[in-house]
Amino acid sequence: MAVPARTCGASRPGPAPTALPWPGRGPRPGPGARRPPSGPPRPLLLLLPPLLLLPLLAAPGASAYSFPQQHTMQHWARRLEQEIDGVMRIFGGVQQLREIYKDNRNLFEVQENEPQKLVEKVAGDIESLLDRKVQALKRLADAAESFQKAHRWQDNIKEEDILYYDAKADAELDDPESEDVERGSKVSTLRLDFVEDSNFKNKVNYSYTAVQIPTDIYKGSTVILNELNWTEALENVFIENRRQDPTLLWQVFGSATGVTRYYPATPWRAPKKIDLYDVRRRPWYIQGASSPKDMVIIVDVSGSVSGLTLKLMKTSVCEMLDTLSDDDYVNVASFNEKAQPVSCFTHLVQANVRNKKVFKEAVQGMVAKGTTGYKAGFEYAFDQLQNSNITRANCNKMIMMFTDGGEDRVQDVFEKYNWPNRTVRVFTFSVGQHNYDVTPLQWMACANKGYYFEIPSIGAIRINTQEYLDVLGRPMVLAGKEAKQVQWTNVYEDALGLGLVVTGTLPVFNLTQDGPGEKKNQLILGVMGIDVALNDIKRLTPNYTLGANGYVFAIDLNGYVLLHPNLKPQTTNFREPVTLDFLDAELEDENKEEIRRSMIDGNKGHKQIRTLVKSLDERYVDEVVRNYTWVPIRSTNYSLGLVLPPYSTFYLQANLSDQILQVKYFEFLLPSSFESEGHVFIAPREYCKDLNASDNNTEFLKNFIELMEKVTPDSKQCNNFLLHNLILDTGITQQLVERTWRDQDLNTYSLLAVFAATDGGITRVFPNKAAEDWTENPEPFNASFYRRSLDNHGYVFKPPHQDALLRPLELENDTVGILVSTAVELSLGGRTLRPAVVGVKLDLEAWAEKFKVLASNRTHQDQPQKQCGPNSHCEMDCEVNNEDLLCVLIDDGGFLVLSNQNHQWDQVGRFFSEVDANLMLALYNNSFYTRKESYDYQAACAPQPPGNLGAAPRGVFVPTIADFLNLAWWTSAAAWSLFQQLLYGLIYHSWFQADPAEAEGSPEARESSCVMKQTQYYFGSVNASYNAIIDCGNCSRLFHAQRLTNTNLLFVVAEKPLCSQCEAGRLLQKETHSDGPEQCELVQRPRYRRGPHICFDYNATEDTSDCGRGASFPPSLGVLVSLQLLLLLGLPPRPQPQVHAHASRRV
């Protein structure tokens, strides 16, 4: 009989049930009666023992439906399990495929992955690869030192005397506003021809080097011209290195003067706006030019520091932070009468990307007030450096003080904390335009082995916040050969298109002496670097023998990954290295922390652990068993690890020596066979060197077939292992079609398709027409269903992916399907492996109808629906009572798979909280699901519009007429500062706003690196069936939940919601933008790391007499006159949206 629709506060028709207690309020009210008021609805879940959920009794003379009893719902669950198992046994072909493998046992061998031997071999291969680069680096560094020592300085050198290829020349010639066009440069620039090179992913010229000079450096200066002169000789060494090792990629010399000379020559990839690249600010250069640093930055925020000076200080601190790498530690404090940290960090913290971001944001909040108290600032800094209870670099120690000037020398502080050993260097920076006596600042620096700098304007910031590295390099130079040790960098994005690389660095020292018997020179000339592409390292690792879920990874002393399948940064041209921690690349747990520590310490090890892994599509989490094996890579700071599931201990290796059989199996790859044998997708692997890759699998298959008509599977240019396994699996899956699929009527069981995918790279979909709607990845190792099926026992359901923001599925006949897959496990001679996955694709609509019947009182679909007559009592079922009873199948990730509600069919694949938030919250609270939260540090996000922080308008100082009439003004620092503000305003967007038209079209404006919070749900510890009530006042609901054995499904039966008053809690699953975990808390429990093994921070022979002087800049009168007229006649700056530009990466 039809059941009237319920409304909020009303119960179903029928007599008052008395058997079921209504918690806390006596008997449950009968029909027509209102429930007693209970205050605001509260989503409280009350578990009820099964015996309390008794059937509702019907009163005489009426018919009524009651909520089904537990044993009834368990019976429905068993019927669902049997139906699924029956279909998979008939059509899945698991047993049939096992028999096929055994029948073809003579066509393959079972090989073993021996973890310890594998990882040691790969580590040795990587060591050999890097060692070849090290030898090339040493040849370059030795040659550079020799060339520079033999070079005779030329005071009268001219631009026309130098001939070289300027990497930015083509771009500058195309730009009529470039400095060389304006100046009419006399530099003789070579014009080269280039050829495309796939190794460099670029056009190159192997006969010449290229030179890149920063935009803010005058190419015609005597220093630069002499630098170009002596470094020209490096060209022949570069060429000879490549002759000895043709696999070498970019070879680079970064000079301390800012000149970059690299080989082979290629045009510089200049950005659309001003080119910010300066080799001295790149992390690889900084790492090679100095030992690790413990730095405390103190900033004078007394009342005299205001306006332009305070802005200069804020920008200077940010630029100083950019000279630090992950091997360094830092803290920033402001001081007036007292000193205090600018951020929540109360001690030195690692100078990683996220910590530096906290500092940079905190610095912007500094406010000038009070009086200057150098003593407070320095005492705070020394206390920070003396704190030995924290992790720190324990090498170079320094204090950087930014101030507008003062008279106090605080000698007593230095006597107390730093003298006589002077283990802490002090660098002082006089900031802004003022007339204070700078002698005390110079004295502080000179008395503490530091350096004094002046920053009169924004144009002096970049150069003066990086030159302290020359001072830190002195002990390295004086240490000589002991300091000539190659270091390998973090991963970063190459500026010229190689992708992700690491760089080997080696410092180059100045070996000249001023005269006979004079002291040894203590200047660093620069840093040599050689790039190694990560893809070249990956090629040394086994790929397809480890199975879909096995992989190799490597980490450095910071715990950052060098290799890992999850190392996939989404943005390019990073200003910072790619620093993904091993514990962020995987789901963190105590076992992995222990493994990470052992690897950082350079130990060998092996451990089997039970851990959580995220699915490839990041929708699911599985609990799995993994074997970790690790060894150090000798002569480097890296450690290599191998991860293998137990079922990947063995793998198949085809042995198709019979060429007739090769041809026979190969024919099943031809499209002409698809109609009878099913469509075949082949994994886009590197089967042969001459095989043209394509993202279109049909085109890739065509290219593959064309190549196979020219070569044999045993050809030397092909990967015989991959080819033989591919052809073997083609034949084996065809036999599955012949023995199982071809004679079955899929429509009888409402199946859209059957399929098989293999380790060998074959995915066969039957019938052929079903391939039109096949959306899974043709590479089984990159298909989520394939990898999850290997890790899970039983049948894995995968509904179509739906995002809450997208429109619902458009249900049409034979278009929407649900994948059900399972792994094929073989046992051959006591060796177990899983070489394939098979499955079916269910027709969504047909199985939704079948689901109703299986969860009803009917035994089969043709039986009439059971009616509840007068004076009788009946249990509700999922078919007859679908207006009152909600029945659903939800998978282990919390996504809707099937529903008895027709209006929910287009919501299949959505997270169930978006379908029924109240019920999903109850399942979560009842421990049917467990939540796992993690962070993706490699995401890309659209830039957020800048907020108005209440800052004053940012503009340019425009001189008055009185200034123009004063000739002294034209030669003052203020005039030169104005010119630099114009130039550097293009660099620092916080000073001059970007043109929105330009910003809109730039990739940097479209997206930037960000952090995303990910949330997944997976089955909790509850395996039994539960009856429970969601107590929410008048909106209370009964529900039953039960896991279906041998599947990843949860069967849920619930009363439909009476009203929506309990929609208070909604679980979220979608990825959301986040600031990541709270950095202030993370630094209190830093992850384990180790610094470099070497430290050069002291040498008794160091000459500290060169400790700084006031900076001066020779202004050009013509440029300044033109500039002032432009400023006077121009319009005032208008507020524009701020855009953050990304600096180019290092070569």
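This passage describes salt bridges, strand pairing and a charged surface patch in a predicted model.

The model is predicted, so that local features require a pLDDT of at least 70 and side-chain atom pairs count only at pLDDT 80 or more, while totals for chains, interfaces and linings use all residues. Residues are numbered from 1 along each chain as its sequence is written, and side-chain values use heavy atoms, with hydrogens and water left out.

The structure holds 40 salt bridges, a salt bridge being a side-chain nitrogen of Lys or Arg within 4 Å of a carboxyl oxygen of Asp or Glu. In one of these, K604 is joined to E120, with the closest N and O atoms 3.3 Å apart. K604 belongs to the loop between α19 and β24 and E120 to helix α3 (residues 115-150), so the pair ties together parts that are 484 residues apart in sequence. Helices (H or I, at least four residues) and strands (E, at least two) are DSSP runs, numbered from the N terminus. K604 is exposed, at a relative accessible area of 55%, whereas E120 is partly exposed, at 36%. Here, buried means under 20% relative accessible area, exposed means over 50%, and partly exposed lies in between (1.4 Å probe, protein chains only). The areas themselves come from the Shrake-Rupley method with a 1.4 Å probe, and for residues only the protein chains shown count as cover.

A salt bridge also joins the side chains of E127 and R634 (3.4 Å, N to O). This pair links distant parts of the chain, with E127 in helix α3 and R634 in the loop between β25 and β26 (639-644), 507 residues apart. E127 counts as buried because its relative accessibility is 18%, while R634 is exposed, with a relative accessible area of 56%.

R474 and E1102 likewise meet through their side chains in a salt bridge (3.4 Å, N to O). R474 lies in helix α16 (residues 474-479) and E1102 in the loop between α32 and α33 (1117-1129), 628 residues apart. Both R474 and E1102 are buried. In addition, a network of salt bridges links R354, D581, D584, E588, R596 and R1087.

Helix α19 (residues 590-600) contains K592, which counts as buried because its relative accessibility is 2%. The C-alpha atoms of K592 and K607 are separated by 9.8 Å, the two residues being 15 residues apart along the chain.

Strands β24 (residues 605-614) and β25 (residues 621-632) pair in the antiparallel sense over 10 bridges; two strands pair if DSSP finds at least two bridges between them. Within this pairing, Q608 stands opposite N627 in β25. The hairpin of β24 and β25 has six residues between the strands, and E618 in this hairpin takes a positive phi near 60 degrees.

Strand β28 (residues 679-682) pairs with strand β30 (residues 762-766) in the antiparallel sense over four bridges, and I762 in β30 is the bridge partner of I682. In a regular strand the side chains alternate between the two faces of the sheet. In β28, H679 and F681 point one way and V680 and I682 the other way, and all are buried.

At the surface, E361, D1075, E1078 and E1081 form a negative patch. Patches are made of residues with over 30% relative accessible area and no salt bridge, like charges being joined within 9 Å and nonpolar side chains (Val, Leu, Ile, Met, Phe, Trp, Tyr) within 5 Å. Lys and Arg count as positive and Asp and Glu as negative, with His and the chain ends not counted; the place of a charge is taken as NZ of Lys, CZ of Arg, CG of Asp or CD of Glu. E1078 is found in the loop between β42 (1072-1074) and α32 (1079-1082) and counts as partly exposed, at 44% relative accessibility.
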